[in-house]
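Biologist: Could you take me through a close look at one charged contact and its surroundings, and then set it beside other features of the chain? I would like the reasoning behind each burial label to be explicit.

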Amino acid sequence: MQRIGVFVCWCGSNIAATVDVKAVAEALGKQPGVVVSKDYQYMCSASGQNLIREAIRDSRLDAVVICACSPHMHEATFRKCVSAEGMNPYMLEIANIREQDSWVHKDRKAATEKAISLGTAAIAKVQLNAPLFESPNPVTKRALVIGGGIAGMQTALDIAEAGFKVDIVEQKPTIGGKMAQLDKTFPTLDCSSCIVTPKMVDVGANENITIYSYSEVEKVSGFIGSFHATIKQKPRYVDATKCTGCGLCTTKCPSKRNLNEFNMNLNMRPAIYIPFAQAVPLVATLDPTACIHFKTGKCGLCQKVCEAGAIDYDQQPTYIEQDYGAIVLATGYNQIKPTKFDEYLYNNSPDVVTSLEFERMMSASGPTAGDLRVPSTGKRPRNIVFIQCVGSRGKDTCREKPYCSKVCCMYTAKHTILVKDHWPEVDCTVFYIDVRTPGKNFDEFYRRAVEEYGVHYIKGMVGKVEQGDGCLKVQASDLLNNRQIHMNADLVVLAAAVEPDPSARHLGTMLTASMDTNDFFSEAHAKLRPVESPTAGIYLAGMCQGPKDIPETVAQASAAASKVIGLLSKDHLMSNPCIAHSDPTLCNGCSQCTNVCAYGAISYQDQMVVYKGVRETRRVAVVNEAVCQGCGACTVTCPSGAMDLRGFANNQIMAEVDAICN
């Protein structure tokens, strides 16, 4: 029988306030095989680890059970601790008596009994543990960044500057993301294009960065250090190696009545187009749904005028297969279309716009070259109403998001300052629930809008917007003065909620990356691992993880890049020895384990098997130990019980169950 040491942690008052840790240590000390049982206030501290190491030496322990917080927190710490005394790290078990016990109970007696049960189960399991040994796996020194916005670009540049190859996959024809569509940035009012365009040029010119624009990730397999991705490049019908970006084809194209996505559909573009002047790569893209040649077989004018001979109507999708050591998700966000908010008249009036549409109306590169006009009349607006939290912080789950979109208060203040700066005579009114200005110099920026520019901020929500005679009629409430407001507006701007890009859900499924109920990617730990996905080797940057402004996004992107650089700097990663294995005498070759394996680690071979004294050739499952990640899906799927998992074997799990039941 194993000589087992049990160590019960107080975790300050996290555990000790609900669990009688001394009673737990005393009860577990009476279990078979336990020769040491102690409690300590902070077992993960240096002094707590010294206590464990001394017990291993003095009592000649074969195995250790620690009753503390989740193994996700400190399992690696305690494994290093026992390894320092020569014990195999997989002879350690952790009973989670914090998250699974003290944090979910109020009754001290019940919590103490449960802690004893959890500790007893861990002792039963560790008695059946056997030493396991890690093996090295090589690291592919190349990174994949999915998304070419400011988060993706910053991540790629940081990784590339460390000397590693990086591929950026961007679904649009150019990198730049939403930041390329902005006019100015808060709180400094820097020109957004002046900031992001040099960054785009740096990305395009960096020899370590390959841009796959107008592309998407089709398939990903593998694991940390050794991912294999298939990238689909959609046909532009323009040869990117020949196109010079001269734009002649765009001026000659006769099909010009197509909505311009870059300008938020506020104006038209030709069938063949370059999204904006500073696009990277500066290559034209042909929209086959709008092209006369694809519809009728006629025209072909763009091909005739292209001196470089870049137009290729027969272009097909191309597929690139590449290996990567790490993947960074930087898929960005979209602003919701407030089509479900009929009370704001967005569906029926061109004079009700979203804040991103207003951004394009204000931009010098926008549809009106920055000359702000009322869409329905073409006149300068005299009164503009800004409505905050449209679709944010709501309880109507059919049309609203429960979270704060975080950037709306600040960009609305920016919009009002820009309007008043250009046209002081325009009256700006903002209806808000709360004004949230948590960043550096943000509150000063908001107060500047109110105090210096005279913007009217009214605490209250707009109930209805109606079409009036030559204007919009706004009905709202003033909560501070307890009155109803009826006012006219020439333009209404909706600060609509932000949401993850639609591609996020598909990618999350493909990469087995965790997502929350709002389709934002979940981090491994909100405080200690904020840029890592729970799936090893997958990192997060920017708004795909949650609402944030540009400085936060850039900071997170550089943090994700530092994690990737740390990973790619290693020649090998030690593999997890808790992997699946097959018993050929039980395997019936049904292939169910192969079908559920997310990593492609299981194949089938014909093997000679001795079963009940009879030699026979069978088709049996074989696990590739370098690929298996120990998820356990095959073990629960196998109908014959042939598949098992080292470190979490069926007999070990059942021993835990029996210990709890008894």
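Modeller: I would start from glutamate 85, which counts as partly exposed because its relative accessibility is 22%, and the class runs from 20% to 50%. The model is a predicted one. The side chain of glutamate 85 meets that of arginine 53 in a salt bridge, with an N to O distance of 3.1 Å. This pair links distant parts of the chain, since arginine 53 belongs to helix H3 while glutamate 85 sits in the loop between helix H4 (71-83) and strand S4 (92-96), 32 residues apart. Arginine 53 is likewise labelled partly exposed, because its relative accessibility is 30%. The contact is also part of a network of salt bridges that links Arg53, Arg57 and Glu85.

Helix H3 spans residues 46-59 and also holds isoleucine 52, which counts as buried because its relative accessibility is 0%. From isoleucine 52 to lysine 38 the C-alpha to C-alpha distance is 9.2 Å, with their positions 14 residues apart in sequence.

To set the pair in context, the structure holds 30 salt bridges. One of them joins glutamate 552 to lysine 406, whose closest N and O atoms are 2.9 Å apart. Here too distant parts of the chain are linked: glutamate 552 is in helix H15 (residues 550-568), and lysine 406 is in the loop between strand S21 (383-390) and helix H12 (408-422), 146 residues apart. Glutamate 552 is partly exposed at 33% relative accessibility, and lysine 406 is partly exposed at 33% as well. Another salt bridge brings together the side chains of arginine 448 and glutamate 452, at 3.5 Å from N to O. Arginine 448 is partly exposed at 30%, whereas glutamate 452 is exposed because its relative accessible area is 55%, and the exposed class covers values over 50%.

Away from these charged contacts, Phe648, Ile653, Met654 and Val657 form a nonpolar surface patch with about 340 Å² of accessible area together. Isoleucine 653 lies in helix H18 (residues 650-661) and is partly exposed, its relative accessible area being 34%.

As for enclosed space, the whole structure contains 5 cavities of 30 Å³ or more, and the largest cavity has about 80 Å³ of space. Its lining comprises 14 residues, with Cys597, Cys628, Cys631, Gly632 and Cys634 nearest the centre. By class, that lining has 11 nonpolar and 3 polar residues, with no charged ones.

Notes. Residues are numbered from 1 along each chain as its sequence is written. This is a predicted model: local features need pLDDT of at least 70, side-chain atom pairs count only at pLDDT 80 or more; totals for chains, interfaces and linings use all residues. Side-chain values use heavy atoms; hydrogens and water are left out. Patches are made of residues with over 30% relative accessible area and no salt bridge: like charges are joined within 9 Å, nonpolar side chains (Val, Leu, Ile, Met, Phe, Trp, Tyr) within 5 Å. Accessible areas come from the Shrake-Rupley method with a 1.4 Å probe; for residues, only the protein chains shown count as cover. A salt bridge is a side-chain nitrogen of Lys or Arg within 4 Å of a carboxyl oxygen of Asp or Glu. Helices (H or I, at least four residues) and strands (E, at least two) are DSSP runs, numbered from the N terminus. Buried means under 20% relative accessible area, exposed over 50%, partly exposed in between (1.4 Å probe, protein chains only). On a 1 Å grid over the protein atoms alone, a cavity is a set of points where a 1.4 Å probe fits but cannot get out, and a pocket is an open set with protein on both sides within 12 Å along at least five of seven lines; lining residues have an atom within 4 Å of a point. Grid points are joined across faces, edges and corners, and a volume is the space filled by probe spheres set on the points. Ala, Val, Leu, Ile, Met, Phe, Trp, Tyr, Cys and Pro count as nonpolar, Asp, Glu, Lys and Arg as charged, and the others, Gly among them, as polar.
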